[in-house]
Amino acid sequence: MDRKKFRKRMVPAAVIAVLAAVPAAAYADEPKDNVFVAEPGNPYDEATWNRIHDNVLEYDEIGILVNEFSPTYKNLRETYEDNKNASKDVEKVKEQLMAGSGALIDQANSLSDTASSIRDMLGYQNMVTPDAYASMVYSAELLNYQSEQMLLMGDSVTEVTPEMLHVQVVETGRASLISGAQTTMIGYEQLLLSKEQLESSLELLEAVYQSTVTQANVGMATQADVLSAKQNLESAQAGMLTIEANEQNIRQTLCTMLGWAYNASPEIRPVPAADESRIAVMNPETDKEKAIANNFTLKYNVLSLDTLTDGSAEKANMERTVAQQKEQIASKLTNLYNDVLQKQSELATAKAAYGLEQTKMNAASQKLQLGTIGRLEYLQQENSLKNQEIAVKNAELALFQSMETYDWALEGNLSLT
């Protein structure tokens, strides 16, 4: 693939309501020339500029891609710019918040649809791990939560300051879109691992089927055994078709979230390895102050206190809400930290199991050379090793996702009741 081939980027519609109604493909631009222009105010050096304009998606580019190319984020910023100087025009603000909520719901529905399409694959041949499904569902729910917050704000608002509008529209929207795209990219890699695992299983199931047919021909297996082996093989082949369809669905979701046309074909690079040294600097007791200070919902509620009348029931209720939400943030941060530790332990267990399977594989290779085991038994051990190798990679991705979720909580992207 030509790494200098430029993407077909998406451009925003005039208003978010139009964005929600028009197919994503309608916004595709023509490819641009690969020329770096050092214009005043350009925040990127030449290397970064070229990276975000090639036809390659890397995990650490997602934040920049949302900033520069996400149609939804562009429209959220336009909503803010259009209303920040007239934020006391409550009816106009309400309309824009409802439109902004609709844009986030569109993203949430896209993730939710993808999650639903892989749900039925849970548990079969380990094609999709519960973590892969759960992380996608969580991301969709978080986007839904942020959209609901916008709607609630629109319903209850009596006065909105520019600062409140920025928190609710720009900051919340940006974080939701970036974290949602990150989770989708992690889910995409988990699906590719499932595909790799199933390919190994298909080889084994084909060998089992052929062996069963041979045994039946000499009276060592029944036709029922042959039928069962054939059904297992065909079921796995059908599963592969499902995985490939979902692979395309997730690709399209990523493309539209990050500014490509829905039918683009960027190279999607692997997610970074889980750096366990990050865990050493996590401390929910000391980190909670940052999480409290940055939380978008809490920040908005604190700002809204200044718009409420002293001594009023509304202000007293909001003060109680703020106090409760601070406690909730601290509690949730501890839970997220414990989840990181749990995922770290699961990764260690998976690595130990892989070491054991590697020892068995080495022994099987020697036995095959000596002729003490047959090809089928060798393939069974090879498949066991592949399954455990995939288990390690999935455990690494689950740990990486849990660390990202913790860090996002520190940056304010944590849902509150």
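**Exercise 1.** State how many helices and strands the chain has.

*Solution.* Count the elements in this predicted model. The chain holds 13 helices and 2 strands. Next, take the burial: 48% of the 417 residues are buried. Then look at the contacts with a separation of 6 or more. Residues 24 or more positions apart make up 79% of them.

**Exercise 2.** Decide where the model deserves caution, using pLDDT.

*Solution.* Start with the whole chain. Its mean pLDDT is 82, and 73% of the residues reach 70 or more. Now go to residues 1-36. There pLDDT stays under 50. The model has 87 contacts beyond four places in sequence for this stretch.

**Exercise 3.** Describe the largest nonpolar core and find which helix gives the most to it.

*Solution.* The core has 78 residues. Leu57, Ile62, Met185, Leu258 and Tyr406 have the most contacts inside it. Several helices supply at least two residues each, among them α3 (62-69), α8 (223-258) and α13 (375-410). The top contributor is α7, with 19 residues. Zoom in on Ile62. Beyond four places in sequence, Ile62 contacts Leu57, Ile178, Ala181, Gln182, Met185 and Leu258. Another core, of 5 residues, lies apart; Met361, Ala364, Ile373 and Tyr378 are among its members.

**Exercise 4.** Classify Glu357 as buried or exposed.

*Solution.* First, place the residue: Glu357 sits in helix α12 (residues 313-370). Second, read its relative accessible area, which is 14%. The cut-off for buried is under 20%. Therefore Glu357 counts as buried. Third, list its partners more than four places away in sequence: Gln381, Ser384, Leu385 and Gln388.

Terms used
Residues numbered from 1 in each chain as written. Predicted model: local features only at pLDDT ≥ 70, side-chain atom pairs only at ≥ 80, totals over all residues. Heavy atoms only, no water. Helix = DSSP H or I, 4+ residues; strand = E, 2+ residues; numbered from the N terminus. Buried < 20%, exposed > 50% of the residue type's maximum accessible area, 1.4 Å probe, protein only. Contact = heavy atoms within 4.5 Å. pLDDT = per-residue confidence, 0-100. Core = buried A, V, L, I, M, F, W, Y, C linked by side-chain atoms within 4.5 Å.
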